[in-house]
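This report concerns charged side-chain pairs and cysteines in one protein model. Please look over the sequence and coordinates before reading on.

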Amino acid sequence: MFGKRSGSASEAQEAPRLVPASPVSPIFADDRAAEIAPLPSAGLGAPLEPPQPQGGGAPETSDQPAMRMPTAVDSRRPESYYATKSAIFGALIEAIDLAQLARLDAESAREEIRDIVNEIIAIKSIVMSIAEQEELLDDICNDVLGYGPLEPLLSRDDIADVMVNGSGTVYIEVAGKIQKTGIRFRDNQQLLNICQRIVSQIGRRVDEASPICDARLPDGSRVNVIVPPLAIDGPALTIRKFNKDKLTLEQLVKFGSITREGAEILKIIGRCRVNTLVSGGTGSGKTTLLNCLTRYIDDDERVITCEDAAELQLQQPHVVRLETRPPNLEGEGQITMRDLVRNCLRMRPERIIVGEVRGPEAFDLLQAMNTGHDGSMGTLHANNPREALSRLESMITMGGFSLPSRTIREMVCASVDLVIQAARLRDGSRKITHVTEVMGLEGDVIITQDLFVYDIVGEDAKGRLIGRHRSTGIGRPRFWERARYFGEDKRLAAVLDAAEVQGD
């Protein structure tokens, strides 16, 4: 049996053989064991000399920088680690039967690979400590079964973004700040293989013919890949990670993103079917906030989501998730966001949620909000609530709709009830800076009023911004009648009174 050195004959018959049998070792076919030259007996903690060039050439020296690996390496690992890993990985790929390996579950496959790598290490006479060997085993298992060097980053909950700029440079965002890591890939081909593995899981592809792709990981994390020839220095991979534990409004209150009274207002907004746009810049937490709002949708409502890469994590039992599709090799078969929004109008939705509004689908979403699909939501990129409304108008105009500006603004005012603005401040913190109502049209100008705003008042000795959320004192918001219709008017009045006292 592949990787197993002990056990009964019956156990060996029940398990699939992952490699051909061999009198030398069950991991190698025929004479492969003799073909793999042993590496020098040196631990990974000590320098391991690279292979000498054939023909008696001199070993690589510091005068030959062109022969060296990229300089952005993990400071904890010498170059010898990567040379040893490459040799073992190559021997492993030659020896195993990948078709048989694919039939095993992840844990069994990992155990089998660990066994086979241990035998390769013994045959190559590599001397290393137990800790070094375990680290090498985990790395190779991640390369074969997972996402290679990205695995330790994806397992950390404190990382918000992973940014790979070619094989030698990896950055992460922690606590709102970007920092460089020592992690690297073997080469650009390994990075490209991992990118292709990610996007193929959802039936998409990325290559020279289709060099840009949006995808997602199994946990819903958003992935963007752009590869050569568009990316000059090798594939660029960006992952927006989502926490395994879904954030709630209570946690946002604890983090200081909004006050308790502001969170109660958002809960009422979610229950009262208020048409809402979540606006903000890149990385400001729009999708997280939208997930928090959707928690307060009643379980008996039919919700349909439309996204480029499905990442919303709704908890309701009656949810239909739709996802766009890029064109095929012939340039056909593309399904756009507008196609999805128009189609879901025929699916008897009670609420439509658009992951991100960035094009002519804005027109269809506004129509849905104004034709019986109250409580629909969406996100878009903008720096403040007024800019969000202007962007809606711009996206509709760019979609080729020959409508007067006043008509579009009337449609916006009739459809959108509320804009919630999220922002990532310069100290890395994320705040809800505005909860703004759309009041109507006065002349050709859309009138808005703020219910809550966030004011920055200074900064502490560590560079963290000091600010406070305050109520603007509005005692009767425009959605008051809607709150009374859903039986939330008394609660809304109590929250607004408490917020006004807090603001004082």
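The sections below take up the salt bridges, their surroundings and the cysteines in turn.

## Basis and overall count

The model discussed here is predicted. Side chains of opposite charge can pair when their charged atoms come close. Searched as a whole, the structure contains 25 salt bridges, and three individual pairs, together with one network, are described in what follows.

## A pair with two partly exposed partners

Arginine 156 and aspartate 158 form a salt bridge through their side chains, with an N to O distance of 2.8 Å. Arginine 156 has a relative accessibility of 33% and is therefore classed as partly exposed, while aspartate 158, at 40% relative accessibility, is likewise counted as partly exposed.

## A pair between two strands

In a further salt bridge, the side chain of glutamate 173 meets that of arginine 424 at 2.8 Å, again taken from N to O. This contact links distant parts of the chain, given that glutamate 173 belongs to strand E2 (residues 170–174) and arginine 424 to strand E12 (residues 418–424), with their positions 251 residues apart in the numbering.

What is the accessibility class of glutamate 173, buried or exposed? Its relative accessibility is 3%, and because buried means under 20%, glutamate 173 counts as buried. Its partner, arginine 424, is partly exposed, with a relative accessible area of 35%.

## A pair between two helices

The side chains of aspartate 364 and arginine 338 also meet in a salt bridge, here with an N to O distance of 2.6 Å. Aspartate 364 sits in helix H13 (residues 361–369) and arginine 338 in helix H12 (residues 337–344), so this pair ties together parts that lie 26 residues apart in sequence. Aspartate 364 counts as buried, at 5% relative accessibility, whereas arginine 338 is partly exposed, its relative accessible area being 22%.

## A shared network

Salt bridges can also be connected through common partners: Glu250, Glu264, Lys267, Glu488 and Arg491 are joined into one network by salt bridges that share partners.

## Cysteines

How many disulfides does the model contain? The count comes to zero, where the rule requires a pair of cysteine sulfur atoms within 2.5 Å. Cysteine 272 is buried, with a relative accessible area of 0%, and cysteine 292 also counts as buried, at 0% relative accessibility.

Terms used: Residues numbered from 1 in each chain as written. Predicted model: local features only at pLDDT ≥ 70, side-chain atom pairs only at ≥ 80, totals over all residues. Heavy atoms only, no water. Salt bridge = Lys/Arg side-chain N within 4 Å of Asp/Glu carboxyl O. Buried < 20%, exposed > 50% of the residue type's maximum accessible area, 1.4 Å probe, protein only. Helix = DSSP H or I, 4+ residues; strand = E, 2+ residues; numbered from the N terminus.
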